[in-house]
Amino acid sequence: MAMVQRKPPLAASIDPTAAPASQPVLTVDGVTLQYKTPDHLVTATYRVGFDIHPADRLVLLGPSGCGKSTLLKAIAGFLKPVEGSISLKGEPVTGPGPDRMMVFQEFDQLLPWKSVRENVAFPMLENRVPRAEAEARALDAIAKVNLTKFVDVYPHMLSGGMKQRVAIARAMAMRPDVLLMDEPYAALDALTRRKMQEELLQLWEDVRFTLIFVTHSIEEAVLVGSRVVVLSPHPGQVRAELNCHHLDVRHQDGPEFQLLTRRISQMLFEDKSVGH
Amino acid sequence: MVEITMTEISVKLTPPIRPEGEYDVTPPGTLGDVAKPLSLLERLANTTSVRRGLILVGIAVVWQAYATWLSNPLSFPTFTETLSALRDGIASGVIPQRLWVTLQTLVMGYAIGLVIAAVFTSLAVTTRLGTDLLSTLTAMFNPLPAIALLPLALLWFGLGRPSLVFVIIHSVLWAVALNMHSGFLSVSETLRMAGRTFGLSGFRFVRKILIPAAFPAILAGLKIGWAFAWRTLIAAELVFGVSSGQGGLGWYIFENRNTLDTAAVFAGLLTVMAVGLFVEGVIFRAIEARTVRRWGMQRG
């Protein structure tokens, strides 16, 4: 489509004379990711680059198989880029760690042998947060996701949405530099998903954490994100970087929201038809 | 004919359009009892111990009736005769003392077996060579009946407790190691990744994530190991009996068979079963209730 303009990729280093408003927390620079299946070497992403600034809600959006989850795993430290670099506050990412807590799509990410309170406190206790402080922070985070009534319940007694809330509380209580979410609402029913999206935005209003959120839903991307990185189909490359910080639940039926979602779906659709 | 019905089906059906409606819903409070307690009989029938107790009573009644009808105490004593033999055995202190000897041997062998199994399994989850070692050894030794090793054990360790402990270790080790290992392998990738984002690695990762996550399988291994060990021990004691004047329960059974005191043989067997039931029904059930059932990893 002629009206879609390709933006130049962001420079990894920021010109100090330009007096930037903030330094990026996390920089992804020219990252190519490959993984092995029993009989193929698959390239998941090709030279992907973007920056995340404090309090960004960056959404990685793309069709399934575009490598967005693989990219998030690389940011979490589970995968090493074959080309390019990922750095957190200027330090290269070498492995998984509690400075990049992750919320997974699967409900079994909670430890079944620990109650809600113990689950949320566990990562803090394992990282030398004093017990009293860890308990207090855990209760605070549980209150923020509206689960105070369930602090002493074991995960198997919670619904899917509640489990995801606990996982979010657990990640937030750790106060990571970046919060990573890998399609956290994909396995939820539509009503619960909508509620959780609104809750997440409310949480962000309160806490102002830095978020990287992976999804394949265009509506969810525009709703949850302040900035959307659109990835092209396999292998994933940055197709567009779009701002949507001004659009939230209240605008969902408005023309601007509709225009943006249509623009993104055209990008994805057009790329798909080229690919096949 | 068939073709005609086919065309009839393919005629497009349209549902009738009916009026819409919105209704008031009765509030749950005014509906009467939503939940009602069960009757005493129903609650008793839902209690596992009551149901199982009834089965035991049934078996005792059948036994008593059959033995009375048979009327041959030399080959099949009645339930009451067995009970009185058991009472005499306990009162004279012979059965408790024999039981104590057996349990000491058992606990020793079981504990050593578990430690070796834990070492093997830790090696197997951390290194590929360890995995190969464990699966090869398990494939070789697991099918080998522990009793078959007894003659060899006697040759190596002589008549006495070390031989028994050796045989018990063999019977526990492979079953437990196999279960532990498959338990570790079945821990979900999500849980592993979650553990690693918390900054856990190496031994801490095994202890804080893998072991509790694999606990249902580990517990199953412990139960199988226990059953194997108990069985093996009694059989081994029967085969080679007394060691340094200190016989166990198996020896008690063997001894009384030689003197044709069949009621006492039955009393010994009953003790073997009672210990088995106690360990299964009390110790392991308690562990299960506090762990895997509480965590929702196993239905109870």
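This is a short tour of a predicted model, with stops at the interface of chains A and B, a salt bridge within chain A, and a pocket.

**Stop 1: the interface**

Start by colouring chains A and B separately, then select the residues of each that touch the other chain. You should have 23 residues of chain A in contact with 20 residues of chain B. Together the two chains bury about 2000 Å² between them, and carbon and sulfur atoms give 68% of that area. Now show Phe78(A), Trp113(A) and Glu126(A) as sticks: these three supply 32% of the area that chain A buries against chain B, more than any other three residues.

**Stop 2: charges across the interface**

Keep Glu126(A) on screen and add Arg204(B). Their side chains meet in a salt bridge, at 2.7 Å from N to O. Between chain A and chain B the count is two salt bridges. If you recolour the chain A side of the interface by residue class, you will find 13 nonpolar, four polar and six charged residues. Polar contacts link six residue pairs across the interface, counting pairs with both residues at pLDDT 80 or more.

**Stop 3: a link within chain A**

Over all chains, the count comes to 19 salt bridges. For one inside chain A, select Lys68(A) and Glu183(A), whose side chains meet at 3.9 Å, N to O. Lys68(A) sits in helix α1 (residues 68–76) and Glu183(A) in the loop between β7 (179–182) and α5 (190–207), so this pair ties together parts of chain A that are 115 residues apart in sequence.

**Stop 4: a pocket**

Finally, move over to chain B and select Arg52(B), Leu277(B), Glu280(B), Gly281(B) and Arg285(B). Of the 13 residues lining the second largest pocket, these lie nearest its centre. The volume of this pocket is about 340 Å³. Show α3 (48–70) and α13 (262–290) of chain B as ribbons, since each supplies at least two residues of the lining. By class, the lining of the second largest pocket has four nonpolar, four polar and five charged residues.

Methods
Residues numbered from 1 in each chain as written. Chains lettered and ligands numbered in written order. Predicted model: local features only at pLDDT ≥ 70, side-chain atom pairs only at ≥ 80, totals over all residues. Heavy atoms only, no water. 1 Å grid on protein atoms, 1.4 Å probe; cavity = no way out; pocket = protein on both sides within 12 Å on 5 of 7 lines; lining within 4 Å. Points joined across faces, edges and corners; volume = space filled by probe spheres on them. Helix = DSSP H or I, 4+ residues; strand = E, 2+ residues; numbered from the N terminus. Nonpolar A, V, L, I, M, F, W, Y, C, P; charged D, E, K, R; others polar. Contact = heavy atoms within 4.5 Å. Buried area = accessible area lost by both parts, 1.4 Å probe. Salt bridge = Lys/Arg side-chain N within 4 Å of Asp/Glu carboxyl O. Polar contact = N/O pair within 3.5 Å; in protein donor to acceptor, adjacent residues only side chain to side chain.
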